[in-house]
Amino acid sequence: MCATNCISTFYFAEKYDCEELVSDSKSFIHENFASVAVMDEFLSLEAKEVERWISSDEIVVETEADVFQILQKWVEHDKSERKAGFEELLRHVRLDFVSRDYLLNVVTNELVRDNAGCLRLVSDTIKQTTFSSDDNLSQSPRKGLDTRAIVACGEEYAFCYVPQKDEWKGLPNRLAKKRLNILSANMIRFRDQLFMFHSLGQAERYDPVFNGWSSFSFGIFSFKVQDKVTVIGGELFSIDETVRKKNTTTTIEKFHVESCSWQEFHSSPQCYRKKSCVIGSGNFLYLLGGRSRHRSQYVAKADRFDIMEKKWEEITEMQQARGGAFGVATQEKIFVAGGANEESIVLKTCEVYNVSTNEWQLIANLNVCRTHGSMVCLGGRLYVQGGFDQTKKKPEHSVECYDSTQCKWIVKTTIPVEEDCKKKHAFKGCVLKFSQGVLDYLDDAIEEDEEDEEDERQKKNCEGIVRLEEISGSVMEDVLEFIYTGTVEVTEENAEEQGLCLGLEAKEVERWISSDEIVVKTEANVFQIAQKWVEHNKTERRAAFKELLCHDKVTVIGGELFSIDETFKRPKGVEGTTKTTTIQKFLVESCPWQKLHSSPQCYRKESCLIGYSNFLYLLVGRSSHTSQYVAKADRFDITKKKWEEITEMQQARGGAFGMATQGNIFVPGGADEENTVLKTCEVYNVATNEWQLFANLNVYRTHGSMVCLGEILYVLGGLDQTKKKAEHSVECYQSKQGKWIVKTTIPVEEDWRKKYAFKGCVLKFSRGVLDYLDDVIEEDY
């Protein structure tokens, strides 16, 4: 059985009741669905049968976006007949588990754009992806694609727990090094990112796609430390008590993404309660328990604010008074656990509120008394983690999950904090959706036996480094360490042979670091290796550093990232290496680069790479076989996956730069065949396949940037190699006058102008951030 015949085999077996063959062929189709779905057998299926397969939980795909692409390909196979059934089939693509970025691309797809029902479905999903609880989503992920995990943050540490695999992964350390004040910290998921609002006027954001933290100041938002934040209907709301002229009011603010600011949404004398539990659900903000300014005891009082009608209403009181309680909303129910009662005794008790009946009921107790913890819902199960066990006067690190079949809480795991830190670090948590690539990349937080780990590391190294047979065994270990970490201690014993390794010519170093097959811990290690090689003979090699550093070129086509580079491989049993031009596509869903196309088409160094329409344009530069720049121009069709030559440019160039807009591609600067730096500019008309020279720049420059903003072209940055320094002027093209004008200068201090070269691009800011940013060029005092 294979991908070309498994579909017919399945229907044959089903027709003649061959149960074993039905099971085997179905399993094969599920496990190889991505490759089966591009075969003629699948593309010839009726809509009803396609629906049967794409609606299955069992199909194996790298990302849910693959299912959309499979459906799109099936429709395109007989577009006139199948277009009408696209909407019904699209409902079986689990759009809730497609990234927001990809959905924004789907909206512009012709099949979606031309169908009002499809457009509404995708648009509604984009809004839905920002909701606070994944448990409210209308669809469940396919088996193997549920990449949601529970994130736990405390002090500078961050971890994520994957319940399906019962494993902890280590996240990058938080930026804030000071102890987390768990009483004032708010941790929420908003627009597929984690936001942590904490004390000292600071906040942090974790991006699970790129696996990194960034920080910002509450000053942008006029945000107060004690505010409680929640998400309702995909929007951020905060609630706090404000005191103005001895009058106390409860103020609700709403965060406006466009202006990047908090704005007052509602204010009333309704009493805000400190240490209350704030939960967003439906159209309501729930304020549960806590204590008012005038009372020292916690209460069982419960209220909710309707964000549509902008009014407060009381609901049934909880079964117990609570302060410092925590909870979550899911499926028309609100669960609240822990906290302390009227007498400040810490609780294990839990209760649930039924929204439709307005009733509270106690459910099973937790195993541990805790306050200020976190409760989340993942995959239909409740989890409690973090907070304080005040009976022991220490942070609590156990994670409990609620077993609904046994009606009890079970201690599932423990946050993997080192023993000597357990008394210091209190944790908060929330659910976050990761890409599979990031989850695979993250290190296990609970490490295996060190000896096993070291054996595995050496095994990986030995498998990856396949071209070091000629280096003696006495320094093999050092060479492996050199390639693995970019550093190695030079000893008297190995100095001579290490000198030989560092003595390679630039061309040979390039051969190694451009290979797909070297094994490194991170890509940063490759930079360290190149740096060490340069430092070994800095005066001679500094000029070659740029060549070694600038390999992959990246561009955006149709809202997706593509890279192009020249790679070197040595086939088994063949002497020498083969060179290929490799184009890769970045998959946001799984977070790796995936090879899209590879061919002997000649890649050119210091070329200009521009993405436009369905094409990747490779303009000028020089190949590895020549030292001179050329005027050659090619483009790669990402849909048909093939290269084609276009008309050569008017001048040979290397280090040129450019951009595409409105059917034209503009390319200025660079250096010519004789390495003379240019001011000249050219424009390519995509429709006529013609290049024309137009007005010269005012400044010679290479490796700069060109952007288009408000239909005006701008050139900035790069190097003015005639003066052997970085260029900081910004020029704009006046189309009416047919000339470039120096508009402004990048405000670099005089002392640094020879050192800092700049690149540029256009970015959309919120008005709030632009108003908040300081002027770079200050006015006279």
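Select Gln69 in this predicted model; Gln69 sits in helix H6, which covers residues 64-77. Is Gln69 buried, partly exposed or exposed? Its relative accessibility is 30%, so Gln69 counts as partly exposed. Show the residues around Gln69, leaving out those up to four places away in sequence: Tyr102 and Lys585 are the ones Gln69 touches. Then draw a distance from the C-alpha of Gln69 to that of Val93; these residues are 24 apart along the chain, and the two atoms are separated by 9.9 Å.

Next, go to Asp96. Asp96 belongs to the loop that links helix H8 (86-90) to helix H9 (100-106). With a relative accessibility of 5%, below the 20% limit, Asp96 counts as buried. Pick Pro141 as well: from C-alpha to C-alpha it is 8.2 Å from Asp96, although 45 residues separate the two in sequence.

**Helices H1 and H5**

Select residues 6-15, helix H1, together with residues 47-54, helix H5. The two pack with their axes 14 Å apart and at an angle of about 100°. An angle between 65 and 115 degrees counts as roughly perpendicular, and therefore H1 is roughly perpendicular to H5. Which residues meet here? Show side chains for Ile7, Phe10, Tyr11 and Glu14 on H1, and for Glu49, Arg52 and Trp53 on H5. Sorted by class, this contact has four nonpolar and three charged residues, and no polar ones.

Stay with H1 and move along to Asp17, in the loop between H1 and helix H2 (19-31). Asp17 is exposed, since its relative accessible area is 63%. Check its backbone: phi is positive, about 55°, although Asp17 is not a glycine. Most residues other than glycine have a negative phi.

A second residue of this kind is His372. Phi of His372 is near 55°, again a positive value outside glycine. Select the loop between strand E19 (359-363) and strand E20 (374-378) to find His372. Is His372 buried or exposed? At 11% relative accessibility, His372 counts as buried.

**Thr581 and its surroundings**

Jump to residues 578-586, strand E29, and pick out Thr581. Thr581 has a relative accessible area of 1% and is therefore buried. Display its contacts, leaving aside neighbours within four places in sequence: they are Ile564, Asp565, His597, Ser598, Ser599, Gln601, Cys602, Tyr603 and Trp643. For Tyr603, look at the backbone nitrogen, which lies 3.0 Å from a polar atom of the Thr581 side chain.

Trp643 leads to the next stop, strand E34, where Trp643 stands opposite Phe636. Strand E33 (residues 630-637) runs antiparallel to E34 and is joined to it by four bridges. Widen the selection to the whole sheet: it is open, has four strands in the order E31-E32-E33-E34, and its pairing is antiparallel. At the edges are strand E31 (608-612) and strand E34 (642-645), each pairing on one side only. On average, and with direction ignored, neighbouring strands in this sheet are turned by 25° against each other.

**Strand E40 and its partners**

Now select residues 712-716, strand E40. How many of its five residues are buried? Four are, which leaves the strand mostly covered. Add strand E39 (residues 705-709): E39 and E40 pair in the antiparallel sense over five bridges. Among the paired residues, Cys708 has Leu713 in E40 as its bridge partner. The hairpin of E39 and E40 has two residues between the strands, and in it Gly710 takes a positive phi near 60°.

E40 also pairs with strand E43 (residues 729-734), antiparallel, over three bridges. To see this pairing, show Tyr714 and, opposite it in E43, Cys732.

**The whole chain**

Finally, zoom out and colour by secondary structure: the protein chain has 19 helices and 44 strands. Colouring by accessibility instead brings out the buried residues, which make up 50% of the 781 in the chain. For a contact map, take contacts with a separation of 6 or more; residues 24 or more positions apart account for 52% of these.

How values were computed. Residues numbered from 1 in each chain as written. Predicted model: local features only at pLDDT ≥ 70, side-chain atom pairs only at ≥ 80, totals over all residues. Heavy atoms only, no water. Buried < 20%, exposed > 50% of the residue type's maximum accessible area, 1.4 Å probe, protein only. Polar contact = N/O pair within 3.5 Å; in protein donor to acceptor, adjacent residues only side chain to side chain. Contact = heavy atoms within 4.5 Å. Pairing = 2+ DSSP bridges. Axes fitted to C-alpha atoms, helices over the stretch in contact; angles between N-to-C directions. Parallel < 35°, antiparallel > 145°, perpendicular 65-115°, else oblique. Nonpolar A, V, L, I, M, F, W, Y, C, P; charged D, E, K, R; others polar.
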